Amino acid sequence: MMNAGAVIPILGDQLSHEIAGLRAACRERDCVLMVEAHAEAYYAPYHKQKLTFIFSAMRHFAEELEALGWNVRYLKLDDPGNSGDLYLEIERVVQAVSADRVILTEPGNWRLRETLVGHFKRSSISYELLEDDRFLCSHGEFEAWAQDRKQLRMEHFYRRMRRKSGLLMRGDAPIGGKWNFDAENRKTLANGDGLPSPIFFAPGSLTKDVMSLVRQSFAGRFGTLETFNFAVTANQAAAALDNFIENALPHFGDYQDAMLRDSRYVYHSVLSQYINVGLLDPLAVCRRVEAAYHDGHAPLNAVEGFIRQIIGWREFVRGIYWHFMPSYLDMNYFNHKRKLPEFYWTADTEMLCLRSSIEQTRDSAYAHHIQRLMLTGNFAMLAGVDPHQVHEWYLAVYADAFEWVEAPNTLGMSQFADGGLMSSKPYAASGNYIKRMSNYCDGCRYSVAKRSGPDACPFNYLYWNFLSRNQDKLKQNVRLRPVYRTWDRIKDSRGPDIKRDTERFLNSLY
Ligand code: FAD
Ligand code: SF4
């Protein structure tokens, strides 16, 4: 018997023509539903550019589907008929088109998946929940890999993904004889002269409509909208990828950890938001990058470094998220309780590295990995900020932030709130690291060379204070033994100053 037809909800991060739900659907018979849902848009205080990017990309995708002959029902945020609730809208359309079922590609967000599936189970609507197969590693494969392992480490997982994908492999061996060329990827830059620029896009009329909506409905939100220039279609995102491969990829590896005051992008790709919403396919991106190696356009350390971020880190953090949710969001290994300092929203701080990074986040909804990890993340952990508040900030301010990728990076990698489930030691560093990897310190009101007193770089004493107050949790960590040997040597002479400076500085923040 012929089905009456299905409703195919497409979420804001499922904007791929090859998404499982569309592959399972019939263009002539089924109805695609896309909703700008209030419940999602107001879930966190999202950056204005992030909202604009997602809504505009959704509207463009709906237009593309319609042009291809799909029957699309699209509800804008301010449509009078939009209840704001995704499930209610699904129910309504099922009734309106007399559909006999819903075909849903699994949401990437644990809460949304639970909510929708819970509703379906209590209702009489039949539904199919399809796994999102835009990832190399399925849930089942990650679980099988994680089972029985004492520790979950990206490096082991990554080798499996290399073998599985065949990327940069010769038979069963990694090309170049090594799996990882990170040791070559720690060069620094004096300034931003001659660096390539990502390509950006002037907002078209659809995007301008969304910008007006965001200006009106989210007026008080963090972020500058005037500088919005993200790609909002797959074609534009493909042009951004071409530009990255042509101009930045060859040096991506060398300067992966470098931070510059005058160049926010250095040699990074600025592609994560496109990959995460579905405008670019992650594996196709990796194959293009691999081809640049085989063509002699980019060296192995750059290409391996880039591919590792995607089939290694990106796939690994997704596995961690689903493996440990829902308890992952509440983890707080160090029992940190401080409020997130207000300057994370205002950039009003004299610490130049943080001010610069937060200003750039405000202006572009972007910061590269080391800025997220070693500046804003490192500071929050050293200062003892409640990791859940840190997580909420990252989720809100970056255009690429979706909980499945943001939470493990923030709570696990940057705050060590999971006690080491995904990292072997906390990413804690003093001002010395920031000085070595950036050009911020030269213009800063604090002195990175000073260890104590009101002019000393706050990272210097916060670092030792963090290690000292968490000795019981960290001293046995093999990787931190040399650091604790140093602490044992200096604690009597410097300990009192470190405690005094830390208290004075943290009191001044609140
Ligand atoms: P590039 O440096 O050019 O890297 C290439 C690609 O690799 C990225 O586009 C991205 O798809 C992938 N990638 C790189 N590192 C990671 C990683 N650690 N985890 C997952 N994918 C990675 N990434 C997000 O996509 N969304 C987030 O919400 C997010 N939150 C983060 C929060 C913190 C505290 C930290 C430390 C990292 C976070 N990351 C997040 C990872 C990483 O910082 C971003 O993917 C990267 O900065 C995006 O910029 P890019 O596209 O220029 O990346
Ligand atoms: Fe940041 Fe300290 Fe350097 Fe100032 S001196 S830019 S606070 S690391």
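What follows is a short chat about contacts and salt bridges in this predicted model.

Trainee: What makes serine 269 a polar contact of ligand 1?

Mentor: The cut-off is 3.5 Å between N or O atoms. A polar side-chain atom of serine 269 sits 2.6 Å from an oxygen atom of ligand 1, so the pair falls within the limit.

Trainee: And how do you know that tyrosine 366 and glutamine 309 qualify?

Mentor: Use the 3.5 Å limit again. For tyrosine 366, a side-chain N or O atom is 2.7 Å from an oxygen atom of ligand 1. For glutamine 309, the distance is 3.4 Å, this time to a nitrogen atom of the ligand. Both values are within 3.5 Å, so both pairs count.

Trainee: How much of ligand 1 does the protein bury?

Mentor: Taken alone, the ligand exposes 820 Å², and the protein buries 99% of that.

Trainee: Which element gives the largest share of the shell around ligand 1?

Mentor: That's H17, with six residues. By class, the shell holds 15 nonpolar, ten polar and four charged residues.

Trainee: Now the salt bridges. Why is the pair of glutamate 89 and arginine 92 called one?

Mentor: Because a side-chain nitrogen of Arg has to lie within 4 Å of a carboxyl oxygen of Glu, and here N to O is 3.7 Å. The two residues are three apart in helix H4, so about one helical turn separates them.

Trainee: Why is glutamate 89 called buried, while arginine 92 is called partly exposed?

Mentor: Buried means under 20% relative accessible area, and partly exposed runs from there up to 50%. Glutamate 89 has 2%, so it is buried. Arginine 92 has 43%, so it lands in the middle class.

Trainee: What makes arginine 101 buried, with aspartate 100 partly exposed?

Mentor: Arginine 101 is at 15%, which is under 20%, so buried is the right word. Aspartate 100 has 29%, so it counts as partly exposed. Their side chains meet at 3.4 Å, N to O, so the 4 Å test for a salt bridge is passed.

Trainee: How do you know that aspartate 455 and arginine 445 form a salt bridge?

Mentor: N to O is 3.1 Å, and the limit is 4 Å, so they do. The two lie ten residues apart, in the loop between H18 and H19. With 36% for aspartate 455 and 39% for arginine 445, both are partly exposed.

Trainee: How many salt bridges does a search of the whole structure find?

Mentor: It finds 30. Shared partners join Asp182, Arg186, Asp257, Glu304 and Arg308 into one network.

Definitions and conventions
Residues numbered from 1 in each chain as written. Chains lettered and ligands numbered in written order. Predicted model: local features only at pLDDT ≥ 70, side-chain atom pairs only at ≥ 80, totals over all residues. Heavy atoms only, no water. Polar contact = N/O pair within 3.5 Å; in protein donor to acceptor, adjacent residues only side chain to side chain. Areas by Shrake-Rupley, 256 points an atom, 1.4 Å probe, with all protein chains shown as cover. Helix = DSSP H or I, 4+ residues; strand = E, 2+ residues; numbered from the N terminus. Nonpolar A, V, L, I, M, F, W, Y, C, P; charged D, E, K, R; others polar. Buried < 20%, exposed > 50% of the residue type's maximum accessible area, 1.4 Å probe, protein only.
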